[in-house]
Amino acid sequence: MKINTVEPFILHVPVTGSQIADSTHTISHWGVVGARIATEDGLEGFGFTGTHAFLAGDRLITQCISTCHAPLLIGEDPDDVQRLWLKLARHPALQWIGRAGITTLSHAAIDVALWDLKAKRAGVPLWKLLGGQVREKVRAYNTDIGWLSIADDKLVEGARRAVDDGFTGIKIKVGSTVERDPARLAAVRRAIGPSVTLAIDGNGKWDLPTCLRFCHGARDQDVYWFEEPLWYDDVKSHAELARATSIPVALGEQLYTQDAFAEFFHQRAIHWVQPDVTRMAGITEVWRVCETANSYRLPVAPHAGDMSQVHVHLNYAHPACAVLEYIPWIKDCFEEPAEVVDGVFRLPQQPGAGTTPTARAWERFRV
Ligand SMILES: O=C(NO)[C@H](O)[C@H](O)[C@H](O)CO
Ligand SMILES: [Mg+2]
């Protein structure tokens, strides 16, 4: 079988409500920026990276897909995911301009599309192709009720509603002020009780003294993890924070390569490992990080840059994956939405990686 065409696409899909905010970003749409790969025998594979729907940036990614990566794929056997991963990642001229960044986001979309094709050709869901179901249930935690743009009273109401809907874990954003955030955290903990896991996510906003102060103040709130407490590349400060607090440190959604993770593992600066197929160069690289996490006996909670359409397959197939983020913005854009029932992600049944857009979404959201 050979690859005939590689066509980029951009979907801009509205978030819940008019906009959402974390400590660093306020957005109204999620960008699904991807590649549709068609083979000579008529199969189509879809993959995508996730963006903040910044059109100029999205167009840089689709330009990279069509002019840099696509020419390397035409005529190739799409089954050779490992060989093609290296061909794209180590292409000398592309390696020269980008070992991380737009080239990686473009590569992510292509690698996911190749795995989607591989699973479709095998007639199985991706989790089956990756080796089968290693756990009975994939527990979900809800992020979509915890945005900084949600007023304090609505935050507590939303947390209660998520628990009533069956979620056994939630995550709220911090990183506004060290006055406002501890009160929000305490109010949510009071509302949901002690048995629901409660994580926080700072999206890299604070510095080390602010994090140390916040963690000391939050030490009795049983925080499940503190996600992206510090600047994404600052390994030494994450290591110092990890030693200074009992709150587990989580990160990974901003890391592009297994090499970037390696230093966090080496310096014991990470407890929860959060790779993302849409940030890294796809499933192929994220699987490598899951394997390393497993060798350090650290749990993996993939970041939902894909809104868990693909990661639900990884979580069912890799022993290191312990829990999965739920953000529902784009799920109904796909033939098989990543659904949560009673706090558990449904096991995908359809062949492929869960990335095939519906005709309706293609029409409504295509940019
Ligand atoms: O950090 C996250 N999940 O853990 C979310 O991806 C971000 O909050 C959204 O992209 C909005 O910036
Ligand atoms: Mg996050």
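**Pockets and cavities in a predicted model**

Me: Which residues line the largest cavity?
Reply: Happy to help, and keep in mind that this is a predicted model. The lining of the largest cavity includes Glu228, Tyr232, His238 and Gln254. The others in that lining are Leu230, Leu251, Gly252 and Leu255.

Me: How do the residues of that lining divide into nonpolar, polar and charged?
Reply: Let's stay with the largest cavity, which has a volume of about 40 Å³. Its lining residues divide into four nonpolar, three polar and one charged.

Me: How many cavities of 30 Å³ or more does a search of the whole structure find?
Reply: Rolling a probe the size of a water molecule over the atoms shows where empty space is left. With 30 Å³ as the lower limit, the search of the whole structure gives a count of four.

Me: Now for the pockets. Which residues lie nearest the centre of the largest pocket?
Reply: The largest pocket holds about 500 Å³ of space. Its lining is made up of 33 residues. Nearest the centre are Trp30, Gly50, His52, Gln254 and Arg279.

Me: Which elements each supply at least two residues of the lining of the largest pocket?
Reply: Start with the domains: domain 1 (3-123 + 360-365) and domain 2 (129-355) each provide at least three residues of this lining. By type, the lining has 13 nonpolar, eleven polar and nine charged residues. The elements you asked about are strand 5 (44-51), helix 1 (55-73) and helix 4 (102-122).

Me: Where does the second largest pocket lie?
Reply: The second largest pocket has a volume of about 320 Å³. Among the 18 residues lining the second largest pocket, Ala89, Arg90, Arg99, Ala100 and Thr257 are the closest to its centre. Helix 2 (81-89), helix 3 (92-97) and helix 4 each give two or more residues to this lining. Because both domain 1 (3-123 + 360-365) and domain 2 (129-355) give residues to the lining, the second largest pocket lies between them.

Me: Are helix 2 and helix 4 roughly parallel or roughly antiparallel to each other?
Reply: Two packed helices are described by the angle between their axes and the distance between the axes. Here helix 2 and helix 4 have axes 11 Å apart and pack at an angle of about 165°. Angles over 145 degrees count as roughly antiparallel. Therefore helix 2 and helix 4 are roughly antiparallel.

Me: Is the crossing of helix 2 and helix 4 left-handed or right-handed?
Reply: This is the pair that packs at about 165°. The crossing of helix 2 and helix 4 is right-handed.

How values were computed. Residues are numbered from 1 along each chain as its sequence is written. Chains are lettered from A and ligands numbered from 1 in the order in which they are written. This is a predicted model: local features need pLDDT of at least 70, side-chain atom pairs count only at pLDDT 80 or more; totals for chains, interfaces and linings use all residues. Side-chain values use heavy atoms; hydrogens and water are left out. On a 1 Å grid over the protein atoms alone, a cavity is a set of points where a 1.4 Å probe fits but cannot get out, and a pocket is an open set with protein on both sides within 12 Å along at least five of seven lines; lining residues have an atom within 4 Å of a point. Grid points are joined across faces, edges and corners, and a volume is the space filled by probe spheres set on the points. Helices (H or I, at least four residues) and strands (E, at least two) are DSSP runs, numbered from the N terminus. Ala, Val, Leu, Ile, Met, Phe, Trp, Tyr, Cys and Pro count as nonpolar, Asp, Glu, Lys and Arg as charged, and the others, Gly among them, as polar. Domain bounds come from an automatic or database domain assignment. Axes are lines fitted to C-alpha atoms, for helices over the stretch in contact, and angles run from 0 to 180 degrees between N-to-C directions. Angles under 35 degrees count as roughly parallel, over 145 as roughly antiparallel, 65 to 115 as roughly perpendicular and the rest as oblique. A crossing is left-handed if the near helix is turned anticlockwise from the far one by less than a right angle, and right-handed if clockwise.
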